[in-house]
Amino acid sequence: MSTIESRLADMGITIPEPSAPLAAYVGHVVHNGIVTVSGQLPLVGGALSQTGLCGAGVSVEEAAAAAQICAINILAQVKVACGGDLERIERCIRLGGFVASTPDFTDHPKVINGASEFMGAVLGEKGAHARAAVGVAALPLNASVEVEATFAIS
Amino acid sequence: MSTIESRLADMGITIPEPSAPLAAYVGHVVHNGIVTVSGQLPLVGGALSQTGLCGAGVSVEEAAAAAQICAINILAQVKVACGGDLERIERCIRLGGFVASTPDFTDHPKVINGASEFMGAVLGEKGAHARAAVGVAALPLNASVEVEATFAIS
Amino acid sequence: MSTIESRLADMGITIPEPSAPLAAYVGHVVHNGIVTVSGQLPLVGGALSQTGLCGAGVSVEEAAAAAQICAINILAQVKVACGGDLERIERCIRLGGFVASTPDFTDHPKVINGASEFMGAVLGEKGAHARAAVGVAALPLNASVEVEATFAIS
């Protein structure tokens, strides 16, 4: 078992089959060793694990847990891009985190940390990424979080 | 006539001259074969074809039509980047779709499909892209949709 | 003194040490000559220079000044990526500008011009970038503006 796969196993996390895009696009594109991953929602088995707005009923902890699920779904896309071998990941370059939030919510960094800390835990130094985290008015299907990503692979 | 141009002709679509940026930036940057296209608004002849928020008067259909216009304006930028020859497009890598929406609107994927389906129809397999679609509080000039893009060209 | 450093000196601007990320990520990633810079807030000496929403108490001028500070903080990251030599900048490829705004605010381009015009003034032709500017519901720490960036360096 590879290092990354064994870390995931230690965390009790199984990388799922990637979820189908909601629309007329694809889950990821590979070009010149760069994987561009579509915005991932906190889908588990086809259903959203968390809906609603931060600042209006959804706690930071709930939204951070949803962000980790987005990150797992990102890895599911990258795994396909790598032909199944996560050791081909060279770097998580960027995460773009969108948090559905009310205008008075300001803890977006803590929410997206649910994704960022997961990448660090699973990928080690290769998981140290640039990031933007912002609060948006609403997200597809009323999801609380959406995270997109860019990876370099060998 | 090239394949892409003939598809556009079949659709009755003319790629316009690219619209001037609203501010201190440029419509696109080419670096190492990657075209980064600035966020495009649904401008037709210099005027917005659709303003207002989804969930507050603008329908999914109206916003999706606006998203297609954003996509046409993206192609206008890419055409310039290609020196006029759209056959130099290797891949639409990513679309970033921003929908001006109220907090209770959740059909952002259907809106941005107006851009995604257009890319697929015009570019075929080269049009299969990664995507993020989110609902933002407001957009420049009260536009209903803004779409940015990344392309690879030869 | 290099051209870029002398322009900054003429403007009376000192590039600060980059601010520490708010969370589990890094300020920038360099891969194959591309610098991806994390979303920068208008932090000066660790404190936000501007908080609140455009359209609800924050003027275009105040927000544009905050956007310039975001741009200075972006250059601080790029300077580290360049080993201290800003002349290694080949191009500012893209700025992504997020403006915390109410749904009826529409002057996002003027706000993000605070960052765009700064890049043009400091970097000259190398500062001509692609851009997206959108209005988001809220930003980390109640910041009024956040700007992320992509640069090419030699």
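**Note on a predicted three-chain model**

1. A rotation of 120°, combined with 0.0 Å of shift along its axis, superposes chain B on chain C with an RMSD of 0.0 Å. That is the relation of a three-fold axis. Chain A, for its part, can be laid on chain B by a turn of 120° and a shift of 0.0 Å along the axis, again with an RMSD of 0.0 Å. It should be kept in mind throughout that this is a predicted model.

2. The sheet of chain C is a convenient place to begin with the fold. Chain C holds an open sheet of 5 strands in the order E1-E2-E7-E5-E6, and the pairing in this sheet is mixed. Strand E1 (28-31) and strand E6 (130-136) of chain C stand at the edges with a single partner strand each, so one side of each is left without a neighbour in the sheet. From one strand to the next, the twist averages 10°. Strands of a sheet pair through backbone hydrogen bonds, and they may do so in a parallel or an antiparallel way.

3. Within that sheet, strand E5 (residues 89-100) and strand E7 (residues 145-153) of chain C pair in the antiparallel sense over 9 bridges. As a landmark for this pairing, the reader may look for Ile89(C), which stands opposite Ile153(C) in E7(C).

4. Two helices of chain C lie across strands of the sheet. Helix H2 (residues 60-81) of chain C lies across E1, strand E2 (34-40), E5 and E7 of chain C, and its direction is at about 35° to E7(C). Helix H3 (residues 108-123) of chain C lies across E5, E6 and E7 of chain C, and runs at about 160° to E5(C).

5. Strand E2 of chain A deserves a separate look, beginning with its partners. E1(A) and E2(A) pair in the antiparallel sense over 4 bridges, with His28(A) standing opposite Val37(A) in E2(A). The hairpin of E1(A) and E2(A) has 2 residues between the strands, and in this hairpin Asn32(A) takes a positive phi near 50°. E2(A) also pairs with E7(A), in the antiparallel sense and over 5 bridges, and here Val35(A) stands opposite Phe151(A) in E7(A). E2(A) is mostly covered, since 7 of its 7 residues are buried.

6. The contact between chains A and B brings E2(A) back into view. In this contact, 24 residues of chain A meet 27 residues of chain B. Strand E1 (28-31), strand E2 (34-40), strand E5 (89-100) and strand E7 (145-153) of chain A are the elements that give two or more residues to the side of chain A that touches chain B. The largest share of that side, 4 residues, comes from E2(A). By class, the residues of the side of chain A that touches chain B divide into 15 nonpolar, 7 polar and 2 charged. Only 8% of the interface residues of chain A are also interface residues in chain B, so the copies meet through different surfaces.

7. Chains B and C can be described in a similar manner. Their contact takes 24 residues from chain B and 27 residues from chain C. On the side of chain B that touches chain C, at least two residues each are supplied by strand E1 (28-31), strand E2 (34-40), strand E5 (89-100) and strand E7 (145-153) of chain B, and E2(B) gives the most, with 4 residues. This side of chain B has 15 nonpolar, 7 polar and 2 charged residues. Only 8% of the interface residues of chain B are also interface residues in chain C, so these copies, too, meet through different surfaces.

8. The largest nonpolar core has 165 residues, of which Ala67(A), Val136(A), Ala67(B), Val136(B), Ala67(C) and Val136(C) touch the most other members. Leaving aside neighbours within four places in sequence, Val136(C) is in contact with residues of chains A, B and C, among them Val136(A), Val136(B) and Phe98(C).

9. Finally, Ala138(C) is found in the loop between E6 and E7 of chain C. Ala138(C) counts as buried because it has 27 C-beta neighbours inside 10 Å, where 20 or more are required. Its C-alpha atom is separated by 5.1 Å from that of Ala100(C), although the two residues are 38 residues apart along the chain. Beyond its neighbours within four places in sequence, the contacts of Ala138(C) include Ser101(A), Pro103(A), Phe105(A) and Gly135(A), as well as Ala100(C).

Definitions and conventions: Residues numbered from 1 in each chain as written. Chains lettered and ligands numbered in written order. Predicted model: local features only at pLDDT ≥ 70, side-chain atom pairs only at ≥ 80, totals over all residues. Pairing = 2+ DSSP bridges. Axes fitted to C-alpha atoms, helices over the stretch in contact; angles between N-to-C directions. Contact = placed C-beta atoms within 7 Å. Nonpolar A, V, L, I, M, F, W, Y, C, P; charged D, E, K, R; others polar. Least-squares fit on C-alpha atoms with pLDDT ≥ 70 in both. Core = buried A, V, L, I, M, F, W, Y, C linked by C-beta atoms within 7 Å. Buried ≥ 20, exposed ≤ 12 C-beta atoms within 10 Å, placed from the backbone.
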